[in-house]
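The following exercises concern a predicted model. Each task is followed by a solution in steps.

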Number of protein chains: 2
Amino acid sequence: MGVEERRQQLIGVALELFSQRSPDEVSIDEIASAAGISRPLVYHYFPGKLSLYQAALKRAAEDLAGRFEEPHEGPLGARLLRVMRRFFDFVDEHGPGFSALMRGGPAVSAGEPHSMSHVSATNALIDSVRQAAYDQMLSHLGVTEASPRLELVVRSWISLAESTALIWLDGRRIPRADLEVQLVHDFAALAAVSAAHDEGMAALLRTMAKEEPADGPFAELVGRLIALGA
Amino acid sequence: MGVEERRQQLIGVALELFSQRSPDEVSIDEIASAAGISRPLVYHYFPGKLSLYQAALKRAAEDLAGRFEEPHEGPLGARLLRVMRRFFDFVDEHGPGFSALMRGGPAVSAGEPHSMSHVSATNALIDSVRQAAYDQMLSHLGVTEASPRLELVVRSWISLAESTALIWLDGRRIPRADLEVQLVHDFAALAAVSAAHDEGMAALLRTMAKEEPADGPFAELVGRLIALGA
């Protein structure tokens with residue numbers, strides 16, 4: 001195997017291990033053994049567990065950002081629901097690693113130098129994924145310059161999606177399919193609250209609603225809410 | 001001054017400085033000067049900036065948790081609005097320090113040992129404040145054992161409140177009074193979405209709604225939403 005090929009293989013093996021258990025529980029020996037190479041050879045490609053973790057994190061971040069991409073076709077509610085399904089696929093695949101990362105950062109660097117710059121690098125990576133999610137949302141809403149209120153709705157809903165996924169992972173006590181639909185409904189609900197406070201958001205919401213079919217998730221929410229009030 | 005009195009004074013001075021600028025920009029010299037004592041004397045009370053930062057953080061966390069406490073009197077919407085006002089008071093008072101803390105943890109420990117245990121201690125403190133907010137919400141809802149869906153609504157709304165405050169601090173482009181009301185409305189909206197998916201939540205929402213006056217924030221939201229649809 002060539003150097004780059006071997007590096008990529010190691011990143012893949014490490015990502016799988018870091019995903020399945022809290023990263024601080026995964027040792028270099030284990031990674032070496034799973035990759036079928038010796039421990040010194042791992043160090044030949046990566047100076048330490050920290051740099052291997054960072055490389056695995058970078059690959060996971062690119063993977064997740066890629067899952068936000070959705071063709072600009074069909075009703076918005078259905079697009080968002082497909083993205084939510086892919087987001088929960090990702091969360092499902094990387095559960096323990098995702099939890100460890102998002103709940104206060106990886107403890108993987110304990111005992112290693114540069115741990116605070118590691119924290120900064122990790123946060124920058126998380127922020128880049130959030131930004132990719134934000135950019136995708138705006139592009140699907142057909143907006144290039146977001147108003148402060150639209151930016152608030154989209155960014156705070158992204159943080160709601162993160163916390164919903166983290167709470168789901170803690171015991172999986174609600175079916176994930178319910179939460180995928182619920183997050184689409186949450187977006188509509190937060191946008192409606194914002195629209196109730198702001199004319200620009202109200203205009204955007206009306207445009208969104210016009211394109212929605214009677215059997216889409218947004219119409220379903222309205223139906224459910226009306227039934228609730230009855 | 002006695003030892004404990006001096007420690008408390010230093011914590012107060014440090015908290016004020018750590019609140020007004022990103023904590024990694026605040027030096028021990030500055031803290032000493034603001035407290036009117038020498039640098040070596042600061043070190044007599046605290047082994048380093050990190051332990052002083054942790055002590056200041058602990059005081060801020062207790063302060064914030066205290067602001068969630070609200071008498072169990074009157075309609076829920078009005079109680080929640082008063083808590084949101086006190087939450088934004090806190091965020092306003094501690095703006096830059098709050099942002100630095102919540103956006104990826106304090107860089108204050110760069111170069112110091114034990115930085116990862118510092119990260120853990122900080123996260124534990126943040127989690128204790130979130131838990132205090134959660135406990136208060138449940139007690140006002142009159143619930144001792146939360147269902148998974150109620151827990152999800154309350155915890156994810158708390159994270160929404162955090163991200164809303166952070167986005168507000170970044171430029172303050174929306175009046176905070178609007179956001180205080182909006183967060184109360186967001187809670188109602190997220191609870192309504194959850195109720196649209198779950199009978200237990202629907203029952204809780206009906207109980208909540210029954211106690212709300214026609215001039216309260218929940219009724220105001222319903223009125224605004226109806227006007228939006230008209």
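## Exercise 1: The interface

Task. Determine how many residues each chain gives to the contact, and the area buried between chain B and chain A.

Solution. Begin with the residues: chain B contributes 43 residues to the contact, and chain A contributes 43 residues. Next, take the area. The size of an interface is often expressed as the accessible area lost when the parts come together. Between chain B and chain A, about 3800 Å² is buried, and carbon and sulfur atoms give 66% of this area.

## Exercise 2: Charged and polar pairs, and the side of chain B

Task. State how many salt bridges the rule finds across the interface of chain B and chain A, and identify the element that gives the most to the side of chain B that touches chain A.

Solution. First, the rule finds four salt bridges across the interface of chain B and chain A. One of them joins the side chains of A:Asp178 and B:Arg149, with an N to O distance of 2.5 Å. Second, 12 residue pairs are in polar contact between chain B and chain A, counting pairs with both residues at pLDDT 80 or more.

Third, consider which elements of chain B give two or more residues to the side that touches chain A: these are α7 (115–141), α8 (148–169), α9 (176–197), α10 (199–210) and α11 (217–229). Of these, α9(B) gives the most, with 13 residues. By residue class, this side of chain B divides into 24 nonpolar, 11 polar and eight charged residues.

## Exercise 3: The nonpolar core

Task. Identify which residues of the largest nonpolar core touch the most other members, and list the contacts of A:Trp157 beyond four places in sequence.

Solution. The largest nonpolar core holds 161 residues, of which A:Trp157 and B:Trp157 touch the most other members. With neighbours within four places in sequence left aside, A:Trp157 is in contact with A:Leu80, A:Met84, A:Met137, A:Leu152, A:Leu183, A:Asp186, A:Phe187, A:Leu190 and B:Leu160.

## Exercise 4: Backbone angle and accessibility

Task. Give the phi of A:Arg172 and of B:Arg172, and classify the accessibility of A:Arg172 and B:Arg172.

Solution. Most residues other than glycine have a negative phi. A:Arg172 is not a glycine, yet its phi is positive, at about 45°; B:Arg172 likewise has a positive phi of about 45°. A:Arg172 lies in the loop between α8 (148–169) and α9 (176–195) of chain A, and B:Arg172 lies in the loop between α8 and α9 of chain B.

For the classification, partly exposed covers values between 20% and 50% relative accessible area. A:Arg172 is therefore partly exposed, at 40% relative accessibility. B:Arg172, with a relative accessible area of 39%, is also partly exposed.

How values were computed. Residues are numbered from 1 along each chain as its sequence is written. Chains are lettered from A and ligands numbered from 1 in the order in which they are written. This is a predicted model: local features need pLDDT of at least 70, side-chain atom pairs count only at pLDDT 80 or more; totals for chains, interfaces and linings use all residues. Side-chain values use heavy atoms; hydrogens and water are left out. Contact means heavy atoms within 4.5 Å. Buried area is the accessible area (1.4 Å probe) that two parts lose on being put together, summed over both. A polar contact is a pair of N or O atoms within 3.5 Å; within protein, one must be able to donate a hydrogen and the other to accept it, and residues adjacent in sequence count only if both atoms are side-chain atoms. Helices (H or I, at least four residues) and strands (E, at least two) are DSSP runs, numbered from the N terminus. Ala, Val, Leu, Ile, Met, Phe, Trp, Tyr, Cys and Pro count as nonpolar, Asp, Glu, Lys and Arg as charged, and the others, Gly among them, as polar. A nonpolar core is a set of buried Ala, Val, Leu, Ile, Met, Phe, Trp, Tyr and Cys residues joined through side-chain atoms within 4.5 Å. Buried means under 20% relative accessible area, exposed over 50%, partly exposed in between (1.4 Å probe, protein chains only).
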